[in-house]
Each structure stands twice: as structure tokens, then as C-alpha cells.
Amino acid sequence: NDYRRKGVGTELLGRIIRTARNRKASELVMSCLASNRAMQTLAKHYRAEINFEADQVTGKLIGRAPNAFTRAQEAFEDSASFATAFVDLQKRLFSAALH
């Protein structure tokens with residue numbers, strides 16, 4: 001897979017955690033197969049409490065209070081992502097019009 005080991009999962013989970021924090025979520029729970037070591041490593045990176053069960057693993061992150069920095073960071077990332085998606089759409093539309 002072209003996206004593995006490039007920080008995509010770390011970035012996505014970081015954004016999920018920040019968004020939940022900014023919305024005052026008290027906890028986040030993730031689950032994955034017991035064989036999914038990459039997801040377990042990612043959960044540990046964000047200091048999730050990991051519990052192993054028969055064929056799956058659950059992780060729990062306790063929510064923290066939002067602050068001005070986390071709110072500004074989320075707004076900036078959302079704006080940048082929207083701009084990137086808009087430019088990508090324009091490129092695709094232009095490319096399709098040429099063919």
C-alpha cells in the first residue's frame with residue numbers, strides 16, 4: 001500500500017482526537033483485530049489504554065479539555081484541507097475537459 005508508513009494514519013487519528021477534544025468528548029474508543037499491529041502501535045502513540053480480548057483489541061483515550069490552540073489548529077487544518085481538495089477538484093475537472 002502506497003500510504004503505509006507515511007504518517008497518514010497518525011495524521012488522521014490526530015485530527016480525530018483533536019476534533020473530539022474540541023467538541024468536549026469525554027473519551028474515544030477504538031477497536032481493531034488482534035493481528036492489526038499497525039493500529040495498536042498508533043493507539044499506543046497517542047497513549048491509549050489498550051485491552052486485549054480474544055480476537056480484537058480495544059483502546060480508550062480519555063478526553064482532555066479544548067483550548068484556543070487546539071481550536072485554531074483544527075480550523076487551520078480544515079481550511080487547508082478544503083483548499084487542497086478544491087484545487088485537486090479543479091485539476092481533475094480541467095484534465096477531464098482536455099480528454
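This is a short talk on a sheet, a core and an aromatic pair in one structure. Keep in mind that the model is predicted.

Let's start with the sheet. Three strands form it, and the sheet is open. The order is β1-β3-β2, with antiparallel pairing. Now, which strands stand at the edges? They are β1 and β2, residues 49-52. Each has a single partner strand, so one side of each has no neighbour in the sheet. On average, neighbouring strands are turned by 20° against each other, ignoring direction.

Look at β2 and β3 next. Four bridges join them, in the antiparallel sense. Here F52 stands opposite V57 in β3.

Stay with V57. Beyond its neighbours within four places in sequence, V57 touches residues including M30, C32, Q40, I50 and F52. V57 also belongs to the largest nonpolar core. That core has six residues: M30, C32, A43, A48, V57 and L61. Which elements give two or more residues to this core? The answer is β1 (27-33) and β3 (56-62).

Then there is helix α2, residues 37-45. Helix α2 lies across β1, β2 and β3. Against β1, the helix runs at about 160°.

Last, the aromatic rings. How many aromatic pairs does a search of the whole structure find? One. F82 and F86 form the pair, and it is stacked. The ring centres are 6.5 Å apart, with 20° between the planes. Both residues sit in helix α3, residues 68-98. They are four residues apart, so about one helical turn separates them. Buried or exposed? F82 counts as exposed, at 60% relative accessibility. F86 is partly exposed, at 45%.

How values were computed: Residues are numbered from 1 along each chain as its sequence is written. This is a predicted model: local features need pLDDT of at least 70, side-chain atom pairs count only at pLDDT 80 or more; totals for chains, interfaces and linings use all residues. Side-chain values use heavy atoms; hydrogens and water are left out. Rings of Phe, Tyr and Trp (its six-membered ring) pair if their centres lie within 6.5 Å; planes under 30 degrees apart count as stacked, over 60 as edge-to-face and the rest as tilted. Buried means under 20% relative accessible area, exposed over 50%, partly exposed in between (1.4 Å probe, protein chains only). A nonpolar core is a set of buried Ala, Val, Leu, Ile, Met, Phe, Trp, Tyr and Cys residues joined through side-chain atoms within 4.5 Å. Contact means heavy atoms within 4.5 Å. Two strands pair if DSSP finds at least two bridges between them. Axes are lines fitted to C-alpha atoms, for helices over the stretch in contact, and angles run from 0 to 180 degrees between N-to-C directions.
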